[in-house]
Amino acid sequence: MTSRTFRQFPLFAALGLAALASPAQADIVYETKGPFGGFFGFVGFDVFAFQSVGVRFTPAQDYTLDRLSVWFMSNDFEGDNPATVRLSLYTDNNDGQISIPGKELETMEFIVSAIGWEPVLETVESQAHTLLEAGVNYWVVAMSDVESDNGVWVWAVDDTGFTSNTSGNQDIWQPGGEGAVAATIVEGTPVRGCYADMDQSGTLDLFDFLGFVNLFNAADPVADCDADGAFTLFDFLCFTNAFNAGC
Ligand SMILES: [Ca+2]
Ligand SMILES: [Ca+2]
């Protein structure tokens with residue numbers, strides 16, 4: 001153990017107390033505003049046999065996909081014929097001129113739980129945990145085989161985004177563009193290139209100690225530096241060693 005390590009322990013203790021109130025947060029890869037508060041009520045894209053809809057997003061850092069959430073309402077006002085929607089992650093097919101959904105990376109599905117035009121946030125959990133690379137475009141795509149009583153992907157209020165849709169079919173996309181965006185949340189787990197760089201800023205500084213302490217207090221598995229399943233002094237030593245070793 002170096003003397004530098006010793007000097008840092010009182011700092012850990014003080015920061016640890018200060019950080020106790022901070023709960024662990026889910027990592028948002030992409031998020032539009034929600035569908036509520038619009039002057040004209042709810043507006044959205046029909047998702048049915050004759051129209052699929054995609055929303056494009058670009059991760060700011062590397063993540064693995066955890067889940068996709070979309071606000072959906074329904075054209076089934078009796079609730080007796082709920083539509084099934086396939087919610088997928090696609091690559092971006094960009095030929096240099098147009099940007100549209102390209103290849104399917106993984107597909108989940110949900111049954112529309114809204115009855116009529118009352119939006120419900122539908123969430124599907126990723127099984128494949130596809131890698132989402134920083135700066136690369138991806139699409140969240142909604143498709144459905146039903147011809148009526150279909151789900152409707154509700155627009156985010158006071159927000160815009162990059163979308164595309166098909167017209168009269170399920171998979172021939174029209175050129176994407178900026179405009180009204182369907183309300184969407186993409187969540188993921190950051191991929192850590194260098195363990196000690198807790199905030200993935202590319203540099204090692206006090207904020208990485210703060211980040212480690214927060215994760216330690218939240219009993220986040222990332223803070224179990226020595227991977228023994230417990231959160232102890234040895235994790236602080238392990239982190240300090242990683243920090244001193246540099247990235
Ligand atoms: Ca950092
Ligand atoms: Ca441990």
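## Two calcium sites, step by step

The calcium ion (ligand 1) has as protein donors Asp197 (OD), Asp199 (OD), Ser201 (OG), Thr203 (O), Asp208 (OD) and Asp208 (OD), lying 2.2 to 2.5 Å from it. Donors are N, O and S atoms within 2.8 Å of the metal (3.2 Å for Na, K and Ca); water is not among the atoms, so sites may look incomplete.

This is a predicted model: local features need pLDDT of at least 70, side-chain atom pairs count only at pLDDT 80 or more, and totals for chains, interfaces and linings use all residues. Residues are numbered from 1 along each chain as its sequence is written, chains are lettered from A and ligands numbered from 1 in the order in which they are written, and side-chain values use heavy atoms, with hydrogens and water left out.

**Exercise 1.** Find out why the arrangement around the calcium ion (ligand 1) is irregular.

*Solution.*
- Start with the rule: six donors count as octahedral if opposite donors are over 155 degrees apart and all others between 65 and 115; anything else is irregular.
- Now the angles: the six donor atoms subtend 54 to 158°, so the arrangement is irregular.

**Exercise 2.** Is aspartate 197 buried or exposed?

*Solution.*
- Buried means under 20% relative accessible area, exposed over 50%, partly exposed in between (1.4 Å probe, protein chains only).
- Aspartate 197 has 7% relative accessibility, so it counts as buried.
- Threonine 203, at 45%, is partly exposed.

**Exercise 3.** Describe the site of the calcium ion (ligand 2).

*Solution.*
- Its coordinating residues include Asp224 (OD), Asp226 (OD) and Ala230 (O), at 2.2 to 2.4 Å.
- Along the chain, the donors follow the spacing D-x1-D-x1-D-x1-A-x4-D.
- The angles among the six donor atoms are 54 to 164°, and the site is irregular.

Definitions and conventions: Four donors count as tetrahedral if all angles lie between 85 and 135 degrees; four count as square planar and six as octahedral if opposite donors are over 155 degrees apart and all others between 65 and 115; anything else is irregular.
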